[in-house]
Amino acid sequence: MVDETYGGGGAEAGGHRTVPHTADVRIEAWGPTREQCLVEAVMGLVECFADVAGVRPACVRRVPVAEASDDDLLADLLDEVIFRLEVHGEVPVDVEAESDDDGGGLDVRMAVADVASVEVVGAVPKAVSLGELHLAPGPYGWTCAATVDV
């Protein structure tokens with residue numbers, strides 16, 4: 001879902017968007033929970049380079065993301081998407097996340113498709129920049145932002 005009102009949709013809304021950034025892609029996402037915000041960030045990353053509408057997943061990958069600071073969780077999750085794309089040729093078409101049993105990390109489930117089955121519509125991401133990385137609670141739930149090198 002792409003919503004043009006950054007964080008303004010109220011506690012029940014979530015969304016993401018990309019914003020212009022010199023030679024990179026800047027992703028902003030929001031959601032009522034930390035987990036939903038992170039899911040939106042992943043889908044924002046995917047949508048900056050691939051059209052996954054109507055694509056059926058080939059399988060589901062379970063990805064544990066270790067306990068870390070909120071900013072590190074965001075970077076680690078987006079890096080995992082880039083790693084799976086580069087190494088396994090997999091693109092998430094649907095994502096679910098919940099806190100792991102310890103409460104600090106994440107248990108992520110990515111329904112993935114082969115990159116050959118999606119339409120590539122933009123530059124493929126190479127890495128997540130650690131500068132200007134942000135994931136935090138706010139007045140409308142959680143917001144995050146990340147710059148991705150393409």
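Visitor: What makes the span of helix H2 (residues 70-88) agree with its number of residues?

Guide: At 1.5 Å a residue, the 19 residues of H2 should span 27 Å, and the end C-alpha atoms are 26 Å apart, which agrees. The expected span is 1.5 Å times one less than the number of residues. Helices (H or I, at least four residues) and strands (E, at least two) are DSSP runs, numbered from the N terminus. This is a predicted model, in which local features need pLDDT of at least 70, side-chain atom pairs count only at pLDDT 80 or more, and totals for chains, interfaces and linings use all residues. Residues are numbered from 1 along each chain as its sequence is written, and side-chain values use heavy atoms, with hydrogens and water left out.

Visitor: Which residues of H2 are buried, and against which elements do the buried residues of H2 pack?

Guide: Buried means under 20% relative accessible area, exposed over 50%, and partly exposed in between (1.4 Å probe, protein chains only). The buried residues in H2 are Leu73, Leu74, Ala75, Leu77, Leu78, Glu80, Val81, Ile82, Arg84 and Leu85. They pack against H1, E4, E5, E6, E8 and E9, where contact means heavy atoms within 4.5 Å. After H2 comes Gly89, which has a positive phi near 65 degrees.

Visitor: Why is H1 called largely enclosed by the rest of the structure?

Guide: The term applies because 12 of the 14 residues of H1 are buried. Among them are Arg34, Glu35, Leu38, Met43 and Val46. Helix H1 (residues 34-47) also agrees with its expected length: 14 residues at 1.5 Å a residue should span 20 Å, and its end C-alpha atoms are 20 Å apart. H1 lies across E5 and E6 and runs at about 170 degrees to E5. Axes are lines fitted to C-alpha atoms, for helices over the stretch in contact, and angles run from 0 to 180 degrees between N-to-C directions.

Visitor: How do you know that E5 and strand E6 (residues 106-114) pair?

Guide: Two strands pair if DSSP finds at least two bridges between them. E5 and E6 have 9 bridges in the antiparallel sense, and E4 is joined to E6 by 7 bridges, again antiparallel. The 3 strands thus form an open antiparallel sheet in the order E4-E6-E5. Its edge strands are E4 (59-65) and E5 (90-99), each pairing on one side only. From one strand to the next, the twist averages 25 degrees.

Visitor: Which residues in E6 stand opposite Val95, Arg62 and Glu90?

Guide: Val95 has Met110 as its bridge partner in E6. Arg62 is opposite Arg109, and Glu90 is opposite Asp114.

Visitor: Why does Arg109 count as buried?

Guide: Its relative accessible area is 18%, and it therefore counts as buried. Arg109 is found in E6, a strand that is mostly covered, with 8 of its 9 residues buried. The side chains of Arg109 and Asp107 are joined by a polar contact of 3.5 Å. A polar contact is a pair of N or O atoms within 3.5 Å; within protein, one must be able to donate a hydrogen and the other to accept it, and residues adjacent in sequence count only if both atoms are side-chain atoms. Not counting residues up to four places away in sequence, Arg109 touches Val60, Arg61, Arg62, Asp94, Val95, Glu96 and Glu98.

Visitor: Why do the sulfur of Cys37 and that of Cys144 form no bond?

Guide: A disulfide is a pair of cysteine sulfur atoms within 2.5 Å. The sulfur of Cys37 is 3.4 Å from that of Cys144, its closest cysteine sulfur, and this is too far for a bond. For Cys48, the closest cysteine sulfur is also in Cys144, at 13 Å, again too far. The structure holds 0 disulfides. Cys37 is buried, with a relative accessible area of 0%, and Cys48 counts as buried at 16%.

Visitor: Is Ala146 buried or exposed, and is Glu132 buried or exposed?

Guide: Ala146 has a relative accessible area of 1%, so it is buried; Glu132, at 56%, is exposed. Ala146 lies in strand E9 (residues 141-149). Ala146 touches Val25, Arg26, Ile27, Leu74, Leu78 and Leu133, not counting residues up to four places away in sequence. Glu132 belongs to strand E8 (residues 127-138).

Visitor: What makes phi of Glu132 notable as a value in a residue other than glycine?

Guide: Most residues other than glycine have a negative phi. Phi of Glu132 is positive, near 60 degrees.
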